[in-house]
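Biologist: Please show me the model. I want to ask how each label is earned.

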Amino acid sequence: MSHRWGMAVDLDRCTGCGACVIACQAENNVPTVGEQAAQKNRLMHWIRIERYYESEFPNPRVKFRPVLCQQCDNAPCEPVCPTYASYHTSEGLNGQVYNRCIGTRYCGNACPYTVRTFNFFNPVWDKPLQLQLNPDVSVRPVGVMEKCTFCVQRIKASEIQASAENRELREGEPTPACVESCGPRALVFGDLSDPDSEVSRLARSPRGSMLLGELGTKPKITYLPRESSDGQNR
Amino acid sequence: MNPENGVYVLCSEPGSTERAVSALLSAGMSRSDIVVISSVPLEQYAQSEKVRMPWLVFAGAVLGGIGGFLLASVTQKSYPITTGGMPVVTLWTDGIITYELAMLGAILTTSVVFLLTARLPARNRLPCDPQVSQGKVMVGIASAPDALRNNIIERLKGIGEIRP
Amino acid sequence: MVKTADEIQRDLLRPVIQTPRRAIPAMVGLALLVLVGFSAWMYQVYTGIGVAGINRPVFWGFYITNFVFWIGISHAGTLISAILRLSNANWRRPITRCAEVITVFALLIGAMFPLIHLGRPWLAFWLAPYPNQRGLWPNYRSPLLWDFFAINTYLIGSLIFLMLPIIPDCALLRDNLSGWRSKFYAVLCLGWRGTQKQWRQLEAAMHIMAILIIPVAVSVHSIVSWDFAMTPVPMWHSTIFAPYFVVGAIFSGIAALIIAMVFLRSSLHLEEYLNAHCFDNLGQLLLVMSLLWLYFIFAERLTTWYGNSKSEIDVLWLTVRGPYRHLFWVMVFCNFVIPFPLLAIKKLRTITGTFLASVMVVIGMWIERYLIIVPSLSRKFLPYAWGTYRPTWVEITITGATFCTMALLYLLFSKLVPVVSVWELKAGLRE
Amino acid sequence: MDGGPDNRMERRDFLKFGILTGATATLTACEKPAQQLVRFVPEEDFVPGVASWKPSLCTLCPAGCGVVARIMDGEAEVVRNGQRGTLQMGLAKKLEGNPKHPVNRGKLCARGQAGLQVTYHPDRVRSPLKRSGPRGSGDFQEIGWPEALSEVVAKLEELRSHNRPDSIRFLTGYLRGQSGVLINKFLASLGAGPALQFAPLDEPVLRRANLVSFGRAALPSFDFERSGYVVSFGADFLGTWNSPVSQSIGYGEMRRGRPGNRGKFVQVEQRMSQTGANADEWVPLPPGTEGLLALSLAHVIVKEGLRPGQPATAQSREALEKLGNETYSPREVANRTGIPASRIERLAREMAAQPPAVALIGGAPLAHTNGLFNAVAVNLLNLVLGSIGLPGGMFFAPRVSTMQETVSPNENSDFVSQLLAGRLEQTEVLFLHQANPVFSTPPLWQVPQTLKRIPFLVSFSSFIDETSVLADVILPDHSSLESWLDDVPESGSSEAVLTLAAPAMRPLHDTRAMPDVLLEIAKNLGGSVSEALPWKTFAEMLESSYRQLVEAERCDQSEGFDKLWKKVVDQGGWWDGKCHVPPLEATALSFRAPEFVAATFDGNEQEFPFYFQPYVSQAFLDGSVAHLPWMQELPDALSSVTWGSWLEVNPQTADQLQIRQGDLIQVRSRHGTLDVAAILNPGIAFDVVAMPMGQGHEQFGRYATQRGANPMNVVAPIQVEQVGALAWAATRVSLAKIGKQVPLCVAAGALNEKEKDLR
C-alpha cells in the first residue's frame with residue numbers, strides 16, 4: 001500500500017536550537033552562500049526556525065517555529081510550473097525534478113510558506129569541503145529551484161530495505177535528517193496513512209493546526225502550539 | 001491569355017476614366033472583363049461579386065480551435081507524467097489554449113484567403129505603369145479578342161494614351 | 001488647407017526615398033546602447049541570474065516588470081487602430097500605421113523578458129510543445145504556457161495586421177524608386193497592381209483582421225495578469241486583475257503612441273499629417289483611460305482595505321504608507337493627477353500637453369507594474385520570510401537598453417516604409 | 001576489516017608499485033602538477049556506494065556526546081609518506097548522535113553535526129610547519145615529521161641535560177580520559193609540572209561551589225524527564241551550557257512526555273537567551289543578585305514549611321537556620337532585585353507545589369565577582385527543594401573508578417592563575433593543545449606577550465589561530481574522525497559512561513594524533529621517559545586501560561576480553577546499562593552557610609551606564625567553532641544574524657540613544673573599545689547590552705578571520721572572588737554611535753507576527 005508521509009511539529013518541545021537546520025544542510029548538500037548573498041536574503045536552508053517576539057521587556061515572549069516545505073496535498077507551487085519540474089509524487093510529496101527546472105521561479109512566488117530556495121549561482125565548496133557531499137543527493141546547478149524533500153533519499157532507501165526483507169516499514173523508519181537530530185523530539189515524522197503511527201495520533205490531536213491552513217493548501221505538517229502560560233507578573 | 005493581347009488607356013482625371021469604361025462597354029465588353037488599375041481603391045468600378053472571406057475565416061477558426069484542443073489534451077495524455085493523482089488535463093486551462101489557437105487559425109486563414117483571392121504574389125500578368133502611382137487610372141481589357149482589338153483601340157483613342 | 005494626392009505622396013515618401021540627416025548617427029548611437037544592454041545580458045547568462053537583484057522572497061523584479069510593461073505598450077497600437085478602423089473614424093488614417101508598428105516591436109521586446117529572467121535561459125525551448133525525447137510535455141495548467149500561446153498568436157496577428165496595408169505602399173515605392181531599391185520593393189509588394197479586385201479583398205481582409213485582433217489583444221493581457229492572479233500571493237490573487245491589466249495596457253499603449261507620433265512629426269516633418277486634430281482625439285481617449293485606470297485601482301484597493309485580511313492589508317499599507325509610498329504617490333500623480341488637467345482642459349490639450357501627459361503616463365504605468373509585483377512578493381504570509389528588493393546595474397542596463405531597442409527599430413522602420421499609410425490617406429481625400 | 005598479515009604485506013607491495021607507476025607517469029606527463037597526482041591503492045575494503053556507520057566522539061564541547069559517522073567511499077586527495085595523490089577511501093559524509101550513547105541518545109546539536117567540516121576544512125594545517133617569519137607573522141614553511149620531531153626532541157634533551165625539566169609546560173583544554181592520563185604521565189616522566197588547563201567553557205566557579213556544597217568539584221547532571229518545576233539562573237542549558245543535548249532531551253519529555261503533567265520552567269536572567277525564550281516565566285533582575293533571589297525563594301519555602309523531607313546534616317541544618325535571616329525575606333530582596341515580594345512568594349509556592357522542583361545556575365551569574373555566592377545559594381535552594389540526588393532533581397553522574405574523569409585544575413595546573421602569578425616567565429618549552437588563550441582572555445592579561453617571551457612553542461593545533469600562529473613548530477593533530485579517542489563525559493548521564501572511538505576514516509593530510517606524537521617523542525628521548533610510556537601507540541594504551549577497567553569493574557569475562565573490547569569499539573564506548581539517579585553520599589550535604597556578598601562591577605555607573613554581558617554563542621561557543629562555514633551561516637536563534645557579530649540593545653534604550661538596527665556602535669570600557677553593529681532586542685534589560693562570543697578572530701581560517709568583533713577586547717580583567725576565574729560579566733561600558741551603517745545579514749524579515757513591528 002502507498003504511504004502518505006507527514007510530520008508533526010510540537011512547538012512546546014522545540015527549543016530553537018537549530019540542530020535540524022544543520023542536519024538538513026549536511027544531508028541534502030545544501031550550499032552555504034557566503035556573506036554577500038546572505039545580506040541579499042539568499043540563504044539556502046531548506047528548513048528555518050522562525051523567531052517571533054510577542055511582547056517586550058520586562059515580559060518578553062518569544063515563539064520559535066520550524067518551517068519547512070509543508071508537502072501540501074493541494075500545493076500552489078505545482079500547477080504553475082510550465083515544465084512539470086515541481087510535481088506531485090505518488091506518495092503525495094511535492095517533488096522537484098532539478099533537471100526539468102528552467103528557473104522561472106514561479107513556484108517560489110506561488111509558495112505561501114516561502115520555503116523554496118533558488119540557486120542564484122553555481123554552488124561552490126572550497127576543496128576539500130566537497131568531500132562532505134552526500135552521494136545520495138544530487139548537487140543543484142545555477143538557475144534551479146530546490147526545496148525540502150522530506151529526505152526522499154532516506155525514504156527510498158528504507159523502502160528498498162524493507163522490500164528486500166519483504167516486510168512493511170516499521171514505525172520510526174524512514175527518518176528525515178532534521179527529525180533524526182531533534183533533541184527534544186519536537187519533530188515527529190511518519191506515515192499518515194497508518195492511523196496508529198505517532199504522527200497520525202499527533203495530527204489528530206485537538207492542539208493541532210495547519211500553518212496557513214486557511215489558504216486551502218492542505219499541508220501534511222501539523223503544528224502543535226506552545227502552551228501559553230498565564231504566569232507573567234501577577 | 002497572353003499579356004500581348006491587353007489593351008489599356010491611361011486616364012488622368014475621373015471624367016476620362018468614366019468615358020473609357022463606357023467606351024469599352026459600347027465596344028461590347030462585359031463589366032467583368034474591364035480592368036481598372038488605380039493607386040487608391042475606386043469603389044464604383046469594383047465588381048459586385050460575393051466576398052466569401054468571413055465564412056472561410058470562421059472555418060479556419062474552428063479548425064484552429066480543434067487543433068488547439070487536441071494539442072492541449074490528447075498530446076498530454078501521450079506523454080504520461082507522474083502527477084500523484086493531480087490532473088494533467090483540465091478543461092478550464094485547455095479552454096485558453098483552444099481559444100488562442102482558434103484565433104490564430106482565423107488570422108492565418110484571413111491572410112491566406114486574401115493572398116489567394118487577390119492573386120498575390122502575382123506573375124506580371126497585368127501591365128505595370130509608374131504613372132498609376134502618380135494618380136492616373138489605367139482602364140482596359142486584359143486580353144482583347146483580335147477581332148475587336150482595333151475597334152477598341154479606335155474607341156479609346158483621344159481619351160488618353162494607349163498601352164501597349 | 002487640404003493637400004493634393006501628389007503632395008501627400010511626396011511628403012510621405014520623402015523620408016524613405018532620401019534618408020533624413022541625423023538619422024544615421026542616431027541609429028549608430030542607439031545601436032551601441034542596445035549592444036551594451038545585450039552584453040549585460042550575456043554577462044548575466046555567463047555568471048548566473050544572481051547578478052540581478054532578485055532574492056528570496058522577491059523572485060521576480062525588474063525583468064517581469066518590463067515584461068508586463070512592454071506587453072502593455074503593445075496594446076497601443078493594434079487595439080487603437082483596429083477600433084478606429086471598425087468605427088471608420090477618418091482621423092485614424094495618419095496614425096494607424098505608427099500604432100501598429102509600436103505593437104509589433106513592443107511585443108518583440110516584451111517577449112524577450114521571460115527569456116532574460118529565466119534561471120536557465122538556454123532551456124527556454126522546453127516551454128514549446130513538440131515531440132521530444134525528454135518524455136516531457138509542457139504543463140498546460142501553467143499560466144506561463146498560456147502566455148507562450150497568447151503572445152505568439154498576438155505577434156503573428158499584429159504582424160499580418162501591419163503588413164497587409166503596407167503592400168500597396170510598397171508598390172508605390174517600387175514605382176517611385178529606381179535600381180535595386182525599386183526591385184527590392186517590387187518583391188515586397190508581391191507584384192501588387194491595384195486592380196479593384198485586389199483593393200476590395202485588401203479592405204475585406206483588413207476589416208476581418210480588425211475584428212479578430214481585438215479579442216486577441218484583450219486575451220493577451222488578461223493572461224499576463226493571470227500570471228499573477230493564479231497564485232495565492234497577497235493582492236495578486238484577485239479577480240479584478242484581468243480587466244485591470246487590459247485597461248492599464250491600453251492606457252500606456254495610447255501614451256506610447258502619442259510619444260512616438262510627436263517624435264515622428266518633428267523628425268520626419270509630418271506636421272500637417274500628424275496634426276493637432278489627431279492629438280486632440282487621442283488626448284481625449286487617454287483621458288478616458290486615465291479615469292478608467294483610477295476607477296480600477298480604487299476598486300482594487302477598496303476591496304482589499306475593506307476585506308482587511310492580514311496579509312493583504314500588510315501589502316496595501318506597505319505600498320500606500322510604507323517604504324513604497326513615494327513610488328505609489330508618484331504613480332498616482334503620473335497616471336492621474338497631472339494628466340487629468342492636461343487632458344481635460346481643452347486649452348491644455350495641445351500637442352505639448354498631450355505629449356507631457358503621455359510621458360507621465362508611461363512612467364506612471366511602469367511604476368504601477370513594479371508596485372504590483374515587488375511589494376506583494378516582499379510581504380508574503382510569514383513575516384519571518386519578508387524581504388526587500390533592490391535592482392542591480394545589470395537589470396537597470398538591460399531595462400534601459402530595451403527602450404533604445406524600441407527607438408532603433410522604429411527608426412529603421414520609418415526609413416524602410418512610410419510610417420503614414422499613403423494610400424489610405426489618399427483614399428481619405430475622396431471622402 | 002583489514003585482511004590477514006600476508007594480505008596486508010601484499011597490499012604494501014601494491015602501494016609501492018602504485019607510487020612507482022605514478023612517478024614514472026609524472027616523468028612522461030607534462031609539467032602541470034595536477035597531472036603529477038599519483039593514484040594510491042585503496043588501504044581498506046568497502047562496497048562502493050554502500051554506507052556504513054562508525055562510532056566516534058564529538059570533541060567540540062565538554063559535553064562529550066557520542067556520534068556515529070556515515071562512511072561512504074569517495075575519491076580524496078591525500079598525502080601518504082610525503083607523496084600527494086588521490087585515493088579511493090572511506091569518507092565521513094554525515095555525523096549523527098550515537099543511538100546507544102547514554103548522554104545524547106542518538107541526538108546531536110548543530111555544532112556537533114558541523115564537526116564534519118573540521119576534517120574537511122580547506123584551511124587545516126596539512127603537514128608539520130616550522131616558523132619562518134617573526135612570531136605572529138603567520139609565515140611558516142612545511143617540514144617533514146622526522147625533522148619536526150627531532151627539533152622538539154633536541155630541545156627537550158637540552159633542557160633535561162641542563163636539568164631544567166620544570167621549564168617544560170603543556171597547555172591544554174580539558175584533561176579527560178586516557179589522553180589526559182598520557183599527557184600528565186609524559187610530563188611526569190620528564191620531571192615537568194602538571195599540564196596547564198585553559199577551558200573558557202568550563203565552570204570553575206560552579207565546580208568550586210559543588211566542592212563546597214557536595215564535596216565534589218564536578219558539574220551537575222539533571223533528571224528533567226521527571227522534574228515538575230525547573231528554575232534556571234542564567235543557565236543556557238538548552239543551547240550551550242553543560243550537556244545541552246541530553247538536557248534538551250530531558251526538557252522535551254518534561255514538557256510533553258507525561259500526558260497531563262507539563263513541567264513548568266522559569267528562567268532568571270537579564271538578557272533572554274535561547275533557553276530563556278522557551279521559559280513559561282522569564283524573571284529579569286539586576287546582574288549579580290541571582291543568589292539573593294535563590295535564597296529568598298528558599299527562605300519562603302522554609303518559612304512557610306513547604307519543604308519536603310530531606311535528610312539533613314548538622315551543617316545543612318545550620319545553613320537552613322541562617323536562611324531565616326531577614327536579609328533573604330522577599331521584602332528585603334524585592335528592594336535589591338526589583339522583583340515584587342508577591343512574585344517571589346508565588347514562585348516559591350509554585351515550586352513547592354510542583355515537585356520535584358530543581359534549580360540550576362550557569363553562565364553570567366557565575367561570571368560576576370560574587371559568582372561563588374550565587375552558585376552556593378542555588379545549591380542551597382536545591383537542598384531546600386529536596387531535589388539533590390533524587391529523581392527529577394540534580395545529581396552527579398556516576399564515576400568509573402579506574403578511569404580518569406575531568407581533572408579540575410588547581411592553582412598549579414590552572415593556566416590563568418599561573419599566568420597571573422608570573423609562573424610562565426621561566427618556561428622554556430610550552431606545548432599548546434586545544435586551547436586558544438590569546439583569543440579568550442582580556443588583552444590586559446597580556447597572554448600573547450607572555451607566550452612570545454617563551455623561547456620555544458610547540459602547537460598541536462589543526463588550524464592557525466591566534467595562539468598557534470605564535471608557535472615555532474606546529475605538529476598538526478588528526479581531526480577527531482581520524483584518530484583514536486576516548487572521553488569520560490562528566491555530566492548528562494545517569495549511568496557510568498566511557499566513550500571510546502576508533503578512527504572513523506583514514507587521515508586526509510600528513511598529520512599525526514597528538515598522543516601518538518607524545519609517545520614517539522618519549523621513544524626518541526629514551527631512558528626513563530620511554531619506560532614510563534611503554535605503549536607503541538595510543539590505541540594500545542587505550543586497550544590496556546580497558547583491561548584494567550574490566551578487572552576493576554569485575555565485568556563478566558566469560559567470552560574473553562577481546563570480545564568485550566570489540567563490543568566497546570563497535571558501539572563506541574562502555575556503559576554499565578544500569579540507569580539510575582545515584583543518591584549523593586551523606587557527606588554531600590555538608591553545606592557551608594552562604595554569606596551574601598554584593599557583586600562589584602568595573603567602571604562607574606555615570607561614565608559607563610551599561611552592564612556588558614558577553615554570552616556563549618549558539619553557533620560558535622567560545623569561538624572554537626567559528627571557522628566552520630555551516631556555523632557562520634546558521635541564523636542565530638534570537639537575532640537571526642549570520643556571518644557576523646552584533647551588540648544587543650533594548651529598543652527603548654536605542655530610541656534614547658537614536659540607535660537604529662545596523663548602526664555601528666563603539667563600545668567602550670575602562671580597558672578598551674570595540675566597534676560592532678547594533679541589533680534591537682526586545683528581550684534585554686534597558687541597562688544591559690549583550691554580545692555573542694566567538695567572532696572577531698584575528699586568525700582562524702578563511703571563514704572566521706577578521707569577521708565581527710571579540711567582546712574580550714572590552715572585558716575588564718577582574719576575577720571571581722575566592723575562585724580566580726575571569727569574571728567576564730562584571731564590566732560596565734558606554735555606547736557611542738560612530739555614524740556608520742553596517743550591512744548585517746539578518747535572516748528574520750520581521751520582529752513579530754502582528755501587523756507591524758513592536759515599535
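**Strands, cores and contacts**

Modeller: Strand β21 (residues 610-615) of chain D is joined to β26(D) by 5 bridges, and the two run parallel. This is a predicted model: local features need pLDDT of at least 70, side-chain atom pairs count only at pLDDT 80 or more, and totals for chains, interfaces and linings use all residues. Residues are numbered from 1 along each chain as its sequence is written, while chains are lettered from A and ligands numbered from 1 in the order in which they are written.

Biologist: What makes β21 and β26 of chain D a pair?

Modeller: Two strands pair if DSSP finds at least two bridges between them. Here 5 bridges join β21(D) to β26(D), so they pair. One of the partnerships sets D:Pro614 against D:Met691 in β26(D). Strands themselves are DSSP runs (E, at least two residues), as are helices (H or I, at least four), numbered from the N terminus.

Biologist: Why is β26(D) called largely enclosed?

Modeller: A residue is buried if 20 or more other C-beta atoms lie within 10 Å of its own, exposed if 12 or fewer, and partly exposed in between; C-beta atoms are placed from the backbone. In β26 (residues 688-692) of chain D, 5 of the 5 residues are buried, so the rest of the structure largely encloses this strand. Both faces are covered. D:Val688, D:Ala690 and D:Pro692 lie on one side, D:Val689 and D:Met691 on the other.

Biologist: What makes the sheet β12-β11-β10-β13 of chain D open, and which strands stand at its edges?

Modeller: Its 4 strands pair in parallel, in that order. β12 (281-283) and β13 (357-361) of chain D each have a single partner strand, so one side of each has no neighbour in the sheet. Neighbouring strands are turned by 15 degrees against each other on average, direction ignored. Strand β10 (residues 229-233) of chain D is joined to β13(D) by 5 bridges. Among the residues there, D:Ser232 has D:Leu360 as its bridge partner in β13(D).

Biologist: How do you know that helix α12 of chain D packs on this sheet?

Modeller: Contact means that the C-beta atoms of two residues, placed from the backbone, lie within 7 Å. Helix α12 (residues 371-385) of chain D touches β10 and β13 of chain D. Its direction makes about 170 degrees with that of β13(D). Axes are lines fitted to C-alpha atoms, for helices over the stretch in contact, and angles run from 0 to 180 degrees between N-to-C directions.

Biologist: Why are the buried residues of α13(C) said to be on the same side?

Modeller: The buried residues of helix α13 (residues 325-337) of chain C are C:Met331, C:Cys334 and C:Asn335. They cover an arc of only 85 degrees around the axis, which puts them on the same side of α13(C). That arc is taken from the directions from the helix axis to the C-beta atoms. The buried residues pack against α11 (276-307), α14 (339-344) and α15 (351-378) of chain C.

Biologist: What makes a set of residues a nonpolar core?

Modeller: Buried Ala, Val, Leu, Ile, Met, Phe, Trp, Tyr and Cys residues form one when joined through C-beta atoms within 7 Å. The largest has 472 residues, and C:Leu257 is among those with the most contacts inside it. Helix α9 (residues 196-229) of chain C gives the largest share, 17 residues. A second, separate core has 23 residues, including B:Val21 and B:Leu156.

Biologist: Which chain C helix gives the most to the side that touches chain B?

Modeller: α9(C) does, with 17 residues. The whole contact takes 45 residues from chain C and 49 residues from chain B.
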